[in-house]
Structure formats: C-alpha cells, structure tokens
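The following note is offered to a colleague who is beginning to read protein models. Please keep the sequence and the 3D view at hand while going through the points.

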Amino acid sequence: MTGALVPGARPLKVFVIAGEPSGDALGGRLMAALRAETGDAVTFCGIGGARMAEQGLDSLVPLEDLALFGLIEIIPQLPRLLRRLAETVRAIV
C-alpha cells in the first residue's frame, strides 16, 4: 500500500521515542520507511538523536539526557528524568 494518504487529509502524526543510540538508528530507519510509504504525508514528534533528526524529528529532549546506565548514574538524575517523563507525557496528550 505505497503512496500518499487521502488527498486533503491531515498528515499522519507519529510520536517516536528512542532512549539510546541503537534505538535512534532503528527509529530513523522506521521514520524513513513511514515517509516513503506515505509519500511524506507524515510528521514526527518525540525523543531521539541524530538519525531521527535526519528524518525530521525535532527532539523534545536531548538523547544525551536519557542515555544513563547503572543505578549509581541514574539515582542522582532521577528528578530530571521524572521531569522529562512528565514533559513527554504532556506532549503526547
């Protein structure tokens, strides 16, 4: 079913979230496929890095803010992470 959506219809809006570089790469490929499938009749919102930005994503949160590993690294960042989570939920709603 390749091709544009119904003529005159609003573009499809897709929210995509990647929390680390490999997710950003996968998200970028998914976004490229959706753009090709819809004839560019799609817009993207969400969180991602460089690969997703190449496909038109203006990330709500810098990917570097989320790329934390291990309990010792996460605990001091927990208030910021929870704030970013709440911001993302508000954007989705």
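**Notes on helix α1, the nonpolar core and the salt bridges**

1. Status of the model. The structure under review is a predicted model, and the points below should be read with that in mind.

2. Length of helix α1. Helix α1 covers residues 21–38, which is 18 residues. At 1.5 Å a residue it should span 26 Å, and its end C-alpha atoms are 26 Å apart, so the expected and computed values agree. After α1 comes Gly39, whose phi is positive, near 65 degrees.

3. The two sides of α1. Which residues of α1 are buried? They are Gly23, Asp24, Gly27, Gly28, Met31 and Thr38. Seen down the helix axis, the buried residues fall within an arc of 140 degrees, so they line one face of α1. The face turned away from this buried side carries the exposed residues Leu26, Arg29 and Ala36.

4. What the buried side meets. The buried residues of α1 pack against β1 (12–17), β2 (42–47) and α2. On the viewer, the student may wish to locate these three elements.

5. The largest nonpolar core. This core has 8 residues in all: Val14, Val16, Ala18, Met31, Val42, Phe44, Met52 and Leu57. Strands β1 and β2 each supply at least two residues of the core. Met31 belongs to this core and is also among the buried residues of α1. Another core member is Val42; leaving aside residues up to four places away in sequence, Val42 touches Pro11, Leu12, Val14, Leu34 and Arg35.

6. A buried charge in α1. Asp24 lies in helix α1 and is buried, yet it has no salt bridge. Why does Asp24 have no salt bridge, given the position of Arg51? The nearest side chain of opposite charge, that of Arg51, is 5.2 Å away, whereas a salt bridge requires a nitrogen and an oxygen within 4 Å, so the pair does not qualify. Asp24 does touch Ala18, Gly48, Gly49, Ala50, Arg51, Met52 and Leu63, not counting residues up to four places away in sequence.

7. Salt bridges in the whole structure. Side chains of opposite charge can pair when their charged atoms come close. A search of the whole structure finds 3 salt bridges, and they are taken in turn below.

8. Asp40 and Arg35. These side chains form a salt bridge in which the closest N and O atoms are 3.1 Å apart. Asp40 has a relative accessible area of 49% and is therefore partly exposed. Arg35 is also partly exposed, at 27%.

9. Glu54 and Arg51. The side chains of this pair meet in a salt bridge at 2.8 Å, N to O. Both residues belong to helix α2 (residues 50–54); because they are 3 residues apart, about one helical turn separates them. Glu54 counts as exposed at 52% relative accessibility, while Arg51 is partly exposed at 40%.

10. Glu87 and Arg84. Here the salt bridge has an N to O distance of 3.3 Å. The two residues lie in helix α4 (residues 78–92), 3 residues apart, which is about one turn of the helix. Are these residues buried or exposed? Glu87 is partly exposed, with a relative accessible area of 28%, whereas Arg84 is buried, with 19%. The value for Arg84 falls under the 20% limit, and the residue is therefore classed as buried.

Conventions. Residues are numbered from 1 along each chain as its sequence is written. This is a predicted model: local features need pLDDT of at least 70, side-chain atom pairs count only at pLDDT 80 or more; totals for chains, interfaces and linings use all residues. Side-chain values use heavy atoms; hydrogens and water are left out. Buried means under 20% relative accessible area, exposed over 50%, partly exposed in between (1.4 Å probe, protein chains only). Helices (H or I, at least four residues) and strands (E, at least two) are DSSP runs, numbered from the N terminus. The expected span of a helix is 1.5 Å times one less than its number of residues. The arc is that of the directions from the helix axis to the C-beta atoms. Contact means heavy atoms within 4.5 Å. A nonpolar core is a set of buried Ala, Val, Leu, Ile, Met, Phe, Trp, Tyr and Cys residues joined through side-chain atoms within 4.5 Å. Lys and Arg count as positive and Asp and Glu as negative; His and the chain ends are not counted.
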